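Trainee: I would like to learn how to read the features of a protein model. Please take me through them one at a time.

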Amino acid sequence: MSNKIVRTLSQPSNRANQRDGKEKKVVFKGVVDSPFRILWPSVPLNLQNALLTYIAEKLEGASDHHFSRCSLGRKRKRTAKVLEDSLKRKQAKVDSEVPEDPEDGRNLPSIPNPSQVAAPNTQFPVNIDQANSSNFHEPPLMLRHMIYGINEVTKRLETQTQNARHVAIVDGSEPLTLMKYVFVCRADVDPPLLIDHLPHLVAAYNSTCLRNPIKLVALPQGAELLLAQKLGIRRVTVMTIDNEYKDQQLTSMLEQVPTLTASWLSQTKTTTMPLIATHIKHVRTTAPRDMKAAKDLRVQQKSEAKKKKTLLKKGRA
């Protein structure tokens, strides 16, 4: 642990107004720091670039697969629509040819012809065989073992952690494929709060299942755009690969990535690092040099905004 009493961060705040030319001073504000925090694993930049290059190569052809799958889906829907309209026209023609009762002029109940009207549960041959289609592109091997999207990966992490902590009940359904690697485009996410829960979820699972841990890896800046182009989608922030994907090259590259664990969730009694007690930490920030002038300026701006709002209401009336 570092011996520094105060840790200063030079990263500018997203909330800071760069156009504000007011004089400001540096202040330190005290906030409560909790020991129950999981930090992101430290991954060297050269390893991040190597992993990004590897994933991009393995996803070659994924965009063509998604495009061809969407095209075939539209063809299936179009074919089903044509068959449905054809059956409706046949049914309308049969109903129009029903003879009338000569006594009261009412239509007799129609008796459908089996050769003209299909059964209600008939399965129409609307599916196009993807394997025999010349326009269909097979998905890459990695894509078959991949899940992407913040919501989808979060749901899978939560489900996998719950299954690891509780006794599984066999209900005849297929077992859930376990995740092994989680790749995050951390440098491209704004705001970072969208992915702050991932280290805690990964550590919660690893503290329960130490035999098959999940590795959390951050990718370099620009990975989001590159992977989105490879997948043929607008944006991809998080992706995961299951344990059925076997590649010795990927395994060897990720050996040096540390495994996240939470000592307070571990079932073993031995802990490598004691918990730090809840304490007060200081955050370095800025404040106006003349607090009274800044307060008077805010009051004046609020008053002007209120007057402008009143004038707008009168103008509409």
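Mentor: We will go through the core, the salt bridges, the surface patches and one contact in the loop region. Keep in mind that this is a predicted model.

Trainee: Start with the inside. Which residues touch the most other members of the largest nonpolar core?

Mentor: A nonpolar core is a set of buried nonpolar residues joined through side-chain atoms within 4.5 Å. In this model the largest one has 28 residues, and L51, F183, L227 and L250 touch the most other members. At least two residues each come from α1 (45–58), α3 (141–144), β3 (179–184), α6 (223–231), β5 (238–242) and α7 (248–253).

Trainee: Which element supplies the largest share of this core?

Mentor: Helix α1 does, with five residues.

Trainee: Now the charged pairs. How many salt bridges does a search of the whole structure find?

Mentor: Side chains of opposite charge can pair when their charged atoms come close. The search finds six salt bridges here. One of them joins K230 and E60, with 2.8 Å from N to O.

Trainee: Why does the K230–E60 pair tie together parts that are far along the sequence?

Mentor: K230 sits in helix α6 and E60 in the loop between α1 and α2 (62–96), so the bridge connects parts 170 residues apart in sequence. E60 counts as exposed, because its relative accessibility is 53% and exposed means over 50%.

Trainee: What does E224 form a salt bridge with?

Mentor: The partner of E224 is R235, and their closest N and O atoms are 3.7 Å apart. This pair links distant parts of the chain: E224 belongs to helix α6, R235 to the loop between α6 and β5, and they are 11 residues apart.

Trainee: Is E224 buried or exposed?

Mentor: E224 is buried, at 13% relative accessibility, because buried means under 20%. R235, in contrast, is exposed, with a relative accessible area of 64%.

Trainee: Where do K292 and D296 lie?

Mentor: Both are in helix α8, four residues apart, which is about one turn of the helix. They form a salt bridge whose closest N and O atoms are 3.4 Å apart. K292 is exposed at 62% relative accessible area, while D296 is partly exposed at 42%.

Trainee: On to the surface. Which residues form the positive surface patch?

Mentor: A patch of this kind takes residues with over 30% relative accessible area and no salt bridge. Here K22, K24, K295, R298 and K302 form the positive patch. Helix α8 (residues 291–316) gives the most to the patch, with three residues. K295 lies in that helix and is exposed, with a relative accessible area of 51%.

Trainee: And which residues form a nonpolar patch on the surface?

Mentor: F36, W264 and L265 do, with about 260 Å² of accessible area together. W264 is placed in the loop between α7 and β6 (279–288). W264 counts as partly exposed, at 32% relative accessibility.

Trainee: Last, the chain contact. What separation do the C-alpha atoms of T261 and N206 have?

Mentor: Sequence distance and spatial distance are read separately. T261 and N206 are 55 residues apart along the chain, and their C-alpha atoms are separated by 5.6 Å. T261 is found in the loop between α7 and β6, and T261 counts as partly exposed at 45% relative accessibility.

Terms used
Residues numbered from 1 in each chain as written. Predicted model: local features only at pLDDT ≥ 70, side-chain atom pairs only at ≥ 80, totals over all residues. Heavy atoms only, no water. Patch = residues over 30% accessible without salt bridge, like charges linked within 9 Å, V, L, I, M, F, W, Y side chains within 5 Å. Areas by Shrake-Rupley, 256 points an atom, 1.4 Å probe, with all protein chains shown as cover. Salt bridge = Lys/Arg side-chain N within 4 Å of Asp/Glu carboxyl O. Lys, Arg positive; Asp, Glu negative; His and termini not counted. Charge placed at Lys NZ, Arg CZ, Asp CG, Glu CD. Buried < 20%, exposed > 50% of the residue type's maximum accessible area, 1.4 Å probe, protein only.
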